[in-house]
Amino acid sequence: MKIDRRMAALLGLALAVPAFAGDAMKPGKYSYTVKMEMPGMPFALPPQIFEHCVTQADIDQGQQYSDQQNKDCEVKNLKQTAGKATFDVACKDGTTGKAEYSYGGDQMSGKTVLNTQGRTMTMNMNSRRLGAC
């Protein structure tokens, strides 16, 4: 089913933004809670909870902005200021979106608003550092 495949790809984007460069966030194991909302859906999607290890190498190489396992979507027009990052999302299937995240220390939160097949989908994400990987 296309929507399941698309949601899996978009959840991959959640991994694309877990650790922002500099000393704002620390390498380590993070727990993520991602909630997808799409107006007009006959049911609410349950939150997705998962863990991901962000290494210093990921941060040093700028890999925190692109999910290497998901080549269908990419981060563009990245802008960072103290404690905040904004960027655009562009996917091969025509899905586009805008994201805004706030971060600091061991936490990050924000949302990505996506436009896909004439519908709007909002992905709200919160993460917190659990400790070392």
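A disulfide is taken here as a pair of cysteine sulfur atoms within 2.5 Å. The structure is a predicted model, and a search of the whole of it finds two such links. In one of them, cysteine 73 and cysteine 91 are joined, with their sulfur atoms 2.1 Å apart. Cysteine 73 belongs to strand E3 and cysteine 91 to strand E4, which spans residues 84-91, so this disulfide ties together parts that are 18 residues apart in sequence. The link of cysteine 73 and cysteine 91 is right-handed, with 105° about the S-S bond.

Burial was assessed for each of these two cysteines. Residues count as buried under 20% relative accessible area. Cysteine 73 has a relative accessible area of 11% and is therefore buried. Cysteine 91 is also buried, because its relative accessibility is 13%.

The other disulfide joins cysteine 53 to cysteine 133, with an S to S distance of 1.8 Å. The pair links distant parts of the chain, 80 residues apart: cysteine 53 is in strand E2, whereas cysteine 133 is in the segment after E7. The bond between cysteine 53 and cysteine 133 is right-handed, with 105° about the S-S bond. For accessibility, the class above 50% is exposed, and the class between buried and exposed is partly exposed. Cysteine 53 is partly exposed, because its relative accessibility is 32%. Cysteine 133, at 59% relative accessibility, is therefore exposed. When the bonded cysteines of the protein chain are numbered in sequence order, the pairing reads 1-4, 2-3.

The strands that carry these cysteines belong to a sheet. This sheet is open and has seven strands, paired in the antiparallel sense and arranged in the order E2-E1-E7-E6-E5-E4-E3. Its edge strands are E2, covering residues 48-54, and E3, covering residues 73-81, and each of them pairs on one side only. From one strand to the next, the twist averages 20°.

Within the sheet, the pairing of strands E1 and E7 was examined further. Strand E1 runs over residues 28-37 and strand E7 over residues 119-131, and the two are joined in the antiparallel sense by nine bridges. In this part of the sheet, lysine 29 stands opposite glycine 131 of E7.

Taken with the strand order, the disulfides can be placed on the sheet. Cysteine 53 lies in strand E2, which is an edge strand. Cysteine 73 lies in strand E3, the other edge strand, and its partner cysteine 91 lies in strand E4, which is next to E3 in the order of the sheet.

Conventions
Residues numbered from 1 in each chain as written. Predicted model: local features only at pLDDT ≥ 70, side-chain atom pairs only at ≥ 80, totals over all residues. Heavy atoms only, no water. Pairing = 2+ DSSP bridges. Helix = DSSP H or I, 4+ residues; strand = E, 2+ residues; numbered from the N terminus. Axes fitted to C-alpha atoms, helices over the stretch in contact; angles between N-to-C directions. Buried < 20%, exposed > 50% of the residue type's maximum accessible area, 1.4 Å probe, protein only.
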